[in-house]
Amino acid sequence: MSLTTNPRTTDTPSRTINQGRPQRTLRDKYGDRAFSIAATAVLMLSILAVVYPLYFIVIASISDPNAVYEGKVWLFPSGMTTEGYERIFADSRIWNGLGNTVIYTVLGTAVSVSTILCGAYALSRKDMPGRKILMLLFVITMFFDGGLITKYLVVRDLGMLDTVWAVVLPGAVGVWNLIIARSFFEHTIPNELREAAQMDGATDFKFFFKMVLPLSKPLIMLMIMIHVVAQWNSFFDALIFLNDDSKYPLQLVLRNILIQSDVSSTGTTGGDIESYAAAQRIAELTKYAMIVVSSLPLMIALPFMQKHFTKGAMIGAVK
Amino acid sequence: MSRTIPARRGRPVAAPLPQRKNSLSLRLKRISRAWQLYVLLTPAIIYILVFKYWPMYGVQIAFKNYNPVDGFTDSPWVGLTHFIRFVNSYQFGQVVGNTLWIAVLGLLLAFPIPIILALLVNQLQSEKFKKFTQTVLYSPAFISTVVVVGIMFVVLSPRSGLVNNAIQLGGGEPIFFMGSAEWFRPIYVISDVWQNAGFSMIVYLAALAAIDPALHDAAKVDGASKLQRIRHIDLPGIMPVVTILFILAIGNLLNVGFEKALLMQTPLNISTSEIIQTYVYHAGLQQAQFSYSAAIGLFNSLLNLALLLVFNTIARRANQATLW
């Protein structure tokens, strides 16, 4: 942030200090200006590189598949159609997957967030005997991991295969999130507050639920979002732990349609080539639409979530 | 501080005496006084015992011939048989090589780019443009891996993909990107940068925001250019964060992006896309060679741990920030 003492610059009197434009002085050499222009250009190109593929997918999803196929769609949709979307909404696998994902997300987030908040608060209390050793118990798991195979065998031995719990529990507590939550409590809940509450006879439970949690809304929001996004987007636990496709979450359904079907259709099959090609194009159209539909909920929520994630990065950076 | 609080209420607050004489009964008293905290911690402890330490205990099957009847503990020992078999298998060189290739390529590209982006975004003057850039650049992090790979398949499709349409427009021949072994690594790394650079940038931006603005003002008075200020103020200012994240990245070098590699695999690119962890998945879960694949997984974990220790030591020698 530049500490401009003079709120108004001579050449642009309409700009206020809040817009952060520092005054142009002799010190502001050509080199600086050239650097600014180059930096802005690089960032603009980066933005374009991020946005254009996504934009293309949106317009391709509502364009005539033949136009997309022939490479006529670049900036605007052509030959508008909603067939891709109609096909998705008629596809029961998608709806079923979506329903499962909602269940897994709600349940998983509830389990993860409550476990993390309770555990992190206990670990944030410097007066809890054994705190260091208990913390070490968690930290060790960040650096050494039992591996995929033994995790699978444990879940199998617990009889959780093909149940909701296999998707919800094995990844429930991330140690990194626990550390973020712990340092949040350490930095925002003053010791004096606790001591005062305890003088008034509040137990640790009471203090945690009545005082700490209401004071920790930003943290709770952050934790909820981290877990909603992670659970919404996850597919791997479902892939290894679920066999019954009626239990598949949306991401696994998407994988089977978006990726697996492409792999299996890479070779040309015999038969009626014309109708095969037409079917191919419709399938592509459906894929574009499917990408849009599955990413839309999080993309819409993004501006709302951004603030919390940025804050989370700050807490993480403080360590 | 706690001694100023009267213990009359029956629940005095913290350690009553700062003396070293921690007799057993005193210690037990403190422990029993904190029982509610232990109750709060219990679910998390149960979680790591069951889902982290139990699998860790199970790692011994890497040295055994696991069978479900005998379980982790009673399966017969076979020593290093599985490790030897892996090292001698024809996949060993290929799988380890592929893993190192994408790990190192990823580190070379995916590690510095977020730092550069953060330095560039940080010096933007318009707060609005700053925020807009930030939001746009990190939005792909919210798209799932499945969908990102799905996007690759449609955008890079040889028949109708955007990229191949552009190539044909320029008079080139279409390339079957997802079905070619040479293209796997570039696509893997570029898509990683595309998806995650913006999100990784946030931490550096937070670190940059913590730099004392007085430093910049003083440098400006002395006539330092923007580039000089980035070089001499911003970079040293975020160096501790950079070092720590670098060590963590090294410690995770061989773990990253396994899900994406698995999703991007096609029969045609398997010679470059089969990495240690996808191999563990195929051998272990699809072919049920539990002990053999657990051994490979352990090999991977130990390699990671060794890298982490080495780089942490190097960082300490160089007087940089370290993990411990």
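A residue counts as buried if 20 or more other C-beta atoms lie within 10 Å of its own, as exposed if 12 or fewer do, and as partly exposed in between. This criterion is applied here to a predicted model.

Leu105(B) illustrates the intermediate class. Because 16 other C-beta atoms lie within 10 Å, Leu105(B) is partly exposed. The residue sits in helix α5 of chain B, which spans residues 91-110. Apart from neighbours within four places in sequence, Leu105(B) is in contact with Arg185(B) and Val189(B). The second of these partners, Val189(B), is 84 residues away along the chain. The C-alpha atoms of Leu105(B) and Val189(B) are nevertheless separated by 7.0 Å.

Chain B as a whole is helical in its assigned elements, with 16 helices and zero strands. Its radius of gyration is 26 Å, whereas the globule rule gives 20 Å for 324 residues. The value for chain B is well over that of the rule, so the chain is more spread out than a compact globule. Along the principal axes, the C-alpha atoms of chain B fill a box of roughly 90 × 75 × 35 Å. Of the 324 residues in chain B, 41% are buried. Long-range pairs are prominent in the contact list of chain B: among contacts between residues at least 6 apart in sequence, 66% join residues at least 24 apart.

Two domains are assigned in chain B. Domain 1 covers residues 41-79, and domain 2 covers residues 81-317. The centres of the two domains, taken over C-alpha atoms, are separated by 31 Å. Contact between them involves eight residues of domain 1 and seven residues of domain 2. On the domain 1 side, five of the touching residues are nonpolar, two are polar and one is charged.

Chain A also lacks strands. Its secondary structure comprises 14 helices and zero strands. Buried residues account for 37% of the 319 residues in chain A. Among contacts in chain A with a separation of 6 or more, 70% are between residues 24 or more positions apart.

The two chains meet at an interface. Here, 93 residues of chain A are in contact with 87 residues of chain B. Helix α14 of chain A, residues 273-318, supplies the largest share of the chain A side, with 16 residues. By class, the chain A side has 57 nonpolar, 22 polar and 14 charged residues.

One helix pair between the chains was examined further. Two packed helices are described by the angle between their axes and the distance between the axes. Helix α1 of chain A (residues 30-61) packs with helix α7 of chain B (residues 127-138) at an angle of about 35 degrees. The axes of these two helices are 9 Å apart. The crossing of α1(A) and α7(B) is left-handed. From α1(A), the contact is made by Leu43(A), Ser46(A), Ile47(A), Val50(A) and Val51(A). From α7(B), Thr133(B), Val136(B) and Leu137(B) take part. Taken together, the contact of α1(A) with α7(B) has six nonpolar residues, two polar residues and no charged residues.

How values were computed. Residues are numbered from 1 along each chain as its sequence is written. Chains are lettered from A and ligands numbered from 1 in the order in which they are written. This is a predicted model: local features need pLDDT of at least 70, side-chain atom pairs count only at pLDDT 80 or more; totals for chains, interfaces and linings use all residues. Two residues are in contact if their C-beta atoms, placed from the backbone, lie within 7 Å. Helices (H or I, at least four residues) and strands (E, at least two) are DSSP runs, numbered from the N terminus. Ala, Val, Leu, Ile, Met, Phe, Trp, Tyr, Cys and Pro count as nonpolar, Asp, Glu, Lys and Arg as charged, and the others, Gly among them, as polar. Axes are lines fitted to C-alpha atoms, for helices over the stretch in contact, and angles run from 0 to 180 degrees between N-to-C directions. A crossing is left-handed if the near helix is turned anticlockwise from the far one by less than a right angle, and right-handed if clockwise. The radius of gyration is taken over C-alpha atoms; the globule rule is 2.2 Å times the number of residues to the power 0.38. Domain bounds come from an automatic or database domain assignment.
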